[in-house]
Structure formats: structure tokens, C-alpha cells
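Welcome! Here is a short tour of a protein chain, taken one topic at a time. Have the sequence and the 3D view ready before you start.

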Amino acid sequence: MEDPLKWMKVPQPLVERLGDAAALIESTSSSVRIISHYDGDGISSAGILSKAIGRQGLRFHTTMTNILKDQDMASMDGGFELLVVSDMGSSQVEAISHRVMELGVRAIILDHHNVNGRKGPYSISDGGGVVEINPRFYNIDGTSGCSGATLSFLLALRLSTDNIDLCTFSLAGSLADRQHVPSFSELNYSIRNLAMEKGYLRSSRGMPFSGRSVLEALVTSNDPFIDGISGDESAVRSLLSQMAINPLVPMEDVEPEKMKALQSYIYIRLLRNGVKRYIVNELFRENFHSPEYGPLQDLAYAIDGCGRFGKASLGFQVVWGDMDAFRQALEERFQNKVHIQGLLLRRKEEGVNGLHNIQWFMMEEEKLSGTIAGLAHNYIFDHDKPMLAIAKGNDGQMKVSSRGDRDLCVKGLDLGVVMREAGMKAGGGGGGHDVAAGAHFPYDKLDEFLDTCDRMVGEQLRKKGG
Ligand SMILES: [Mn+2]
């Protein structure tokens, strides 16, 4: 493969743009400052970029952060020649350009988020010191077809074909941004093909079980949460022994016919548990396996978890190929899965409060309330009523995470509207998407808030005759 970018049929205008960015890196003689987002995609981007830049023989300094604040930009000392901002930056391109002009340096922005209606990217020929690359300027869907890691990997390839080994982390970054659902598309699909062609990944169709062994995969499974199996090690052991599957081997090593039988068994069991058919069907997708790292989703969520738990640098080491860091990050991923499952099992035991059109419960961990609400709605409780998880914030405000599903949204549900209006009416606020939204309001307004939600959801679902 002479030119992987050509092989992947990356659109020519984007290739040229990558060339402009590569030229900036190649003309740098001292040090590069890299700033990236601290989620799974951002950490993967940062790792790919720094590795590619390091391989050019350049020094680099990398930071991963939540948002790029004006004061961060103001405090940048200029001890570098080139600034690379990834998985963020398109919404701050003007400020970035202003700052690099002040410092007399240049910048590359690799972002896949909104461009706020701008028609074209910032270009070095504009005289603003910035090369901006964003798939949205090339009719590529930045939400599903290209992540920050995708762009970082393409730039790495433009610098040297040797960087092809970073393809696994490109897709891990995209997966962490949920760009693999229902399947990798556009630029991600091209990289998927490259990774398979070069033997970095293998794929198989089925449910996205993850774990270092079949036993762990089934016991810790939360999405799907299989009532009667998830969290019940002895039930899993007896199921596997009936199917003559060794519980301790990796998923990858189970004979294909046995794996097929196991997957069908779980498929039927989920339907029998009353889970909506389209949700169960959507669980069947293409799953990837790396000979080095195991299931791609474990790698992706291990890196993502590092960011979430304030250990972005551990995730960064994983992308750099540190296998000890990988094993540690993976261990934490499974501990987190078990923790989430504990919250789900507790919810199952304690139940939820059902009103006419919604269901709700209180929980302590505000951070995980959206996750628990979604899983409890999809897999455990009434699938026809949206679920609200409510946590007491320590600022005197109730924090609500609400989750529905696409089926309910087709019937008229719009939780974004419900959360905004009910939140405001209760003296707070809220908003979000039709299927997932949040609200906040003072402690003593809970009853009023729930009444409004119940009434509004009822109206929405009746209006469309659902
Ligand atoms: Mn991203």
C-alpha cells in the first residue's frame, strides 16, 4: 500500500488540507504544544498526535482539558513554535488565531464539532496563522463519520505511512464518541477497512459483550442488562456449563457455533424479559477485536474512563503502547462496570415510583444518574414510560436525568421540552434532546416538578395517538 490516504479514498480537498497541516509540523524545528479534550476521543487524539510528532523528532508538551478557557490561552507562554488543538477549537478559532498571532506562532485545529454556520475553515493563506480541519466543511458528518481521533490519525498518516499502527486508537477514539452505532461510517469506515486489511483488527457480528473472559463478559453485562443473568455469577456458570463453554476463555476463543447458540439464547431471553425488539435487534452489530488489546470497546472505554476519573495521563500512556497502563485502565473499566451494575441491581430490588406517564427514583450518585435511568428504562422497568433519576445536589438543587427511547420519541415524546418547561416552572431550568434531557430546581419543588412532567409527557404521547 503506497499511499493509505489514497487507498482509503479520503476526499482530495481534505487531503490537501492535511498537507497544509503536515507542512506546518514539518517546518517546525523546536517544540509543539498539544491541547486536547479529556474524553476518550480527545485522549486518543492527543496520544496519536504526540506519537506522530515525536516520531518526527520534535519535542512536544501535551495537556488534556475539559474546555479551552480564554485564560488558558492567555497564560500560554509561547515556549513553543506550533500549537495543535484537537477534539475542540472550531468554536474558538477566532480567539486561537488572535493568540497565536500575538505570540508569533502558528496553530492547527482538528475538530469535528459545530462550526457555527461558518462556510469555510480558517486557512494559513488567510494570514491568521491557523490551519483548521473540520469534516463539516467537506460534507462529512462530524457526529457519526469522523472524530477528533480520526482527524489526528489522518494527519499522522499524512506525515508518515509508518503511523499506520495508530489506526486502532483512531477507531477507539471514534467508538468512545459512540460513532460505531449502528456501524462505523464515512471516514471511520475507511479506517475500519484499513485496520482490517492490515491485520490490526478482526471483526465479528453479534452482541457487544466485553470482558477478559466469557464469564466476566456475561456477569458484568449492563448494556444489555440481562435480567436473571447479569450480576449473577452462578447463573452464568450454569448456563455456560449447559452450553459446554469454558467460562474462563476470552470471548474470541469460543467456537463460532457455540457463540452463535449463546447469542441466540440471550436474544430470546431479552425478548422474553420484555425488552423492546428494536433495542434487542440493535445490539447486534459489528464488533472489533484487536490481537493486542482484545475487544475494541474495552480499549475505548478503558481510555475514556481514564479521562472521566481524572487520570487522563494514564489513558495517554495507553495510547503510547504502555501495556501496564492498559491493564490498569482495563481493570478500572471493569470495576466501574461492576459499580454501575451494583446501582442497577439495587434499583431493581428497591423498585421505582410509577406515575401515570413517567417513572422516577432518587439516587445518590449524580454523575451516573443518566446511565442508570437509561439502562433501567431499557432493560428492567416499564418500557413505555420515560425514566427520571433524581439526585440531591449539594447546592440546594435537585438534579434530574431523564431517559426515553426512540420508539417513544416517534410517538411524540420530547424530554428536552419537558425538562425545560417543568424545570422552569419549578423555579429552575433544564433542556436537552428528545430522548435524553436534564433539569434542576430547588429541593422543595419536587412534587410540583413531577406533576408537570407527568402531565406534559401524557400530552405529548396522546397528541400523536401513541
Ligand atoms: Mn470527540
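In the hairpin of strand 11 and strand 12, which residue takes a positive phi? Gly396 does, with a value near 85 degrees. Keep in mind as you explore that this is a predicted model. The domain assignment divides the chain into domain 1 (4-203), domain 2 (204-287 + 324-346) and domain 3 (353-463).

**The six-stranded sheet**

- Six strands make up an open sheet, and their order is 9-10-11-12-14-13.
- Pairing in this sheet is mixed, and the next points show you examples of both senses.
- Strand 9 (353-354) and strand 13 (429-432) are at the edges; each has a single partner strand, so one side of each is left without a neighbour in the sheet.
- Strand 10 (residues 359-362) pairs with strand 11 (residues 387-392) in the parallel sense, over four bridges.
- To get from strand 10 to strand 11, the chain passes through helix 16 (residues 369-380), and this β-α-β crossover is right-handed.
- You can pick out two matches between these strands: Gln359 has Met387 of strand 11 as its bridge partner, and Met362 stands opposite Ile390 in strand 11.
- On to the antiparallel case: strand 11 and strand 12 (residues 397-403) pair in that sense over six bridges.
- Look here for Lys392, which stands opposite Met398 in strand 12.
- The hairpin of strand 11 and strand 12 has four residues between the strands, and this is the hairpin where you met Gly396.
- Helix 18 (residues 415-425) lies across strand 12, strand 13 and strand 14 (436-442). Its direction is at about 175 degrees to strand 13.

**The five-stranded sheet**

- Another open sheet has five strands in the order 2-1-3-4-5, and here the pairing is parallel.
- Which strands stand at the edges? They are strand 2 (59-65) and strand 5 (130-133); each has a single partner strand, so one side of each is left without a neighbour in the sheet.
- On average, neighbouring strands of this sheet are turned by 15 degrees against each other, direction ignored.
- Strand 1 (residues 31-37) and strand 2 pair in the parallel sense over seven bridges.
- To find this pairing on screen, try Ser31, whose bridge partner in strand 2 is Arg59.
- Helix 3 (residues 40-55) lies across strand 1, strand 2, strand 3 (82-86) and strand 4 (106-110). It runs at about 165 degrees to strand 1.

**Two helices side by side**

- The axes of helix 13 (residues 296-308) and helix 14 (residues 312-319) come within 6 Å and cross at roughly 155 degrees.
- Angles over 145 degrees count as roughly antiparallel, and helix 13 and helix 14 are therefore roughly antiparallel to each other.
- Helix 13 brings Ala302, Ile303, Cys306 and Gly307 to the contact, while helix 14 brings Ala312, Leu314, Gly315, Val318 and Val319.
- Of the residues in this contact of helix 13 with helix 14, seven are nonpolar, two are polar and none are charged.

**Where domain 2 touches domain 3**

- How far apart do the C-alpha centres of domain 2 and domain 3 lie? They lie 29 Å apart.
- The contact takes 13 residues from domain 2 and 13 residues from domain 3.
- On the domain 2 side, the elements that give two or more residues are helix 12 (277-282) and helix 15 (323-350).
- Helix 15 gives the most to this side, with three residues.
- The residues on the side of domain 2 that touches domain 3 divide into eight nonpolar, two polar and three charged.

**Backbone details in the loops**

- Val181 is joined to Pro182 by a cis peptide bond, with omega near -5 degrees. You will find Pro182 in the loop between helix 7 (167-176) and helix 8 (186-197).
- Asp223 is joined to Pro224 by a cis peptide bond as well, with omega near 15 degrees. Pro224 lies in the loop between helix 9 (214-219) and helix 10 (233-242).
- Asn139 has phi near 60 degrees, a positive value in a residue other than glycine. Look for Asn139 in the loop between strand 5 and helix 6 (148-159).

Terms used:
Residues are numbered from 1 along each chain as its sequence is written. This is a predicted model: local features need pLDDT of at least 70, side-chain atom pairs count only at pLDDT 80 or more; totals for chains, interfaces and linings use all residues. Two strands pair if DSSP finds at least two bridges between them. A crossover is right-handed if, with the strands pointing away from the viewer, the path from the first strand over the helix to the second runs clockwise. Domain bounds come from an automatic or database domain assignment. Two residues are in contact if their C-beta atoms, placed from the backbone, lie within 7 Å. Ala, Val, Leu, Ile, Met, Phe, Trp, Tyr, Cys and Pro count as nonpolar, Asp, Glu, Lys and Arg as charged, and the others, Gly among them, as polar. Axes are lines fitted to C-alpha atoms, for helices over the stretch in contact, and angles run from 0 to 180 degrees between N-to-C directions. Angles under 35 degrees count as roughly parallel, over 145 as roughly antiparallel, 65 to 115 as roughly perpendicular and the rest as oblique.
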